[in-house]
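Trainee: Got a minute to go through this one with me? I'd like to start from a single residue and work outwards.

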Amino acid sequence: MSAGRQEALRGIELAPFGRRFFAFAFDFLFVSFCLFPFLIPDAVNRMDETGVFAIKVDPFHGWAILSLPLYFGLWTYFRKGRTLGKELTGIRVVSLTHEELGFWHCIERSLGYGASILEGGFGFFQFFLHPNRQTVHDRIAETIVVRDRKKAAEPPAEEESTPGPKEQNEEDKK
């Protein structure tokens with residue numbers, strides 16, 4: 001991390017685990033809800049064969065295996081570090097190396113979720129061990145997750161007063 005970027009990130013509040021957990025859970029449920037209509041035709045076919053209407057959810061085959069990385073990668077990129085869950089919980093992803101998240105940062109981070117899961121979920125709990133509260137997917141993409149302070153909450157910057165039309169006319173009279 002460059003000294004300039006390090007200085008720019010100094011003092012930013014890191015996102016707590018609870019917010020990150022609920023953001024991920026919301027996003028996962030959102031993607032699952034969006035995939036549900038695609039699972040119905042298979043369930044209807046299975047009902048014709050077995051007589052039982054059962055939706056088979058297999059997260060490691062078909063649309064499901066692509067949907068999560070696409071959702072997390074594209075939404076994080078196009079919404080400047082925020083997925084729907086992150087927006088709801090008031091957090092966002094920022095790069096440790098660049099001012100803005102690049103497309104590859106976002107895709108790399110979303111694929112890194114797989115690395116966090118492959119370790120039996122321990123990759124997520126490394127949040128508690130790392131000084132910057134980074135999980136495995138954060139370290140892979142060189143990102144951190146921070147509290148997203150709204151611009152409106154910041155005090156307005158003082159503007160230099162420029163003389164208005166009346167003030168200019170009075171100065172010209174002198």
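Trainee: Is Glu87 buried, partly exposed or exposed?

Mentor: Glu87 is partly exposed, with a relative accessibility of 32%. Keep in mind that this is a predicted model.

Trainee: OK, and which side chain does Glu87 meet in a salt bridge?

Mentor: That would be Arg82, with an N to O distance of 3.8 Å.

Trainee: How covered is Arg82, then?

Mentor: Arg82 sits at 19% relative accessibility, so it counts as buried, the cut-off being under 20%.

Trainee: Which other residue forms a salt bridge with Arg82, and how far apart are the closest N and O atoms?

Mentor: Asp148, and there the closest N and O atoms are 2.7 Å apart. Asp148 lies in the loop between β2 and α8 (165-173), while Arg82 is in the loop between α3 and α4 (84-89), so the pair ties together parts that are 66 residues apart in sequence.

Trainee: And Asp148, buried or exposed?

Mentor: Buried, and Arg82 is buried as well.

Trainee: Which residues are linked in that network of salt bridges?

Mentor: The network links Arg79, Arg82, Glu87, Arg92 and Asp148.

Trainee: How many salt bridges does the structure hold?

Mentor: There are 9. One of them joins Glu13 to Arg147, with the closest N and O atoms 3.4 Å apart. That pair links distant parts of the chain: Glu13 is in the loop between α1 (3-9) and α2, Arg147 is in strand β2, and 134 residues separate them.

Trainee: How exposed is Glu13?

Mentor: Partly exposed, at a relative accessible area of 37%.

Trainee: β2 has come up twice now. How many of its residues are buried?

Mentor: Strand β2 covers residues 143-147, and 5 of its 5 residues are buried.

Trainee: Which strand does β2 pair with, and in what sense?

Mentor: With β1, residues 91-95, in the antiparallel sense over 5 bridges. To pick out one partner, Ser95 is bridged to Thr143 in β2.

Trainee: Let me zoom out for a second. How many helices and strands are there?

Mentor: The chain has 8 helices and 2 strands. Reading from the N terminus, the order is α-α-α-α-β-α-α-α-β-α.

Trainee: What share of the chain is buried?

Mentor: Of the 174 residues, 31% are buried. As for the outside, the chain exposes about 11,900 Å², and carbon and sulfur atoms supply 62% of that.

Trainee: And how much of the contact set is between residues far apart in sequence?

Mentor: If you take the contacts with a separation of 6 or more, residues 24 or more positions apart account for 64% of them.

Trainee: Back to single residues. Where does Arg20 sit, and is that buried or exposed?

Mentor: Arg20 is in helix α2, residues 17-50. Its relative accessible area is 11%, so Arg20 is buried.

Trainee: Which backbone oxygen does the Arg20 side chain reach?

Mentor: The one of Arg133, at 3.0 Å. Leaving aside neighbours within four places in sequence, Arg20 is in contact with Ala15, Ile91, Arg109, Phe127, Arg133, Thr135, His137, Asp138 and Val145.

Trainee: How far apart are the C-alpha atoms of Arg20 and Val145?

Mentor: 8.1 Å, for two residues that are 125 apart along the chain.

Trainee: Switching to helix α3. What's going on around Thr76?

Mentor: Thr76 is in α3, which spans residues 63-78. With 4% relative accessibility, Thr76 is buried. A polar atom of the Thr76 side chain lies 2.5 Å from the backbone oxygen of Phe72. Beyond four places in sequence, the contacts of Thr76 include Arg82, Val93, Leu101 and Cys106.

Trainee: Which residues make the nonpolar surface patch?

Mentor: Ile65, Leu66, Leu70, Leu74, Phe78 and Phe103, over about 580 Å². Helix α3 gives the largest share, with 5 residues.

Trainee: So how does Leu74 come out?

Mentor: Leu74 is in α3 too, and it is partly exposed, with a relative accessible area of 30%. Compare Thr76 in that helix, which is buried at 4%.

Key:
Residues are numbered from 1 along each chain as its sequence is written. This is a predicted model: local features need pLDDT of at least 70, side-chain atom pairs count only at pLDDT 80 or more; totals for chains, interfaces and linings use all residues. Side-chain values use heavy atoms; hydrogens and water are left out. Helices (H or I, at least four residues) and strands (E, at least two) are DSSP runs, numbered from the N terminus. Buried means under 20% relative accessible area, exposed over 50%, partly exposed in between (1.4 Å probe, protein chains only). Contact means heavy atoms within 4.5 Å. A polar contact is a pair of N or O atoms within 3.5 Å; within protein, one must be able to donate a hydrogen and the other to accept it, and residues adjacent in sequence count only if both atoms are side-chain atoms. Patches are made of residues with over 30% relative accessible area and no salt bridge: like charges are joined within 9 Å, nonpolar side chains (Val, Leu, Ile, Met, Phe, Trp, Tyr) within 5 Å. Accessible areas come from the Shrake-Rupley method with a 1.4 Å probe; for residues, only the protein chains shown count as cover. A salt bridge is a side-chain nitrogen of Lys or Arg within 4 Å of a carboxyl oxygen of Asp or Glu. Two strands pair if DSSP finds at least two bridges between them.
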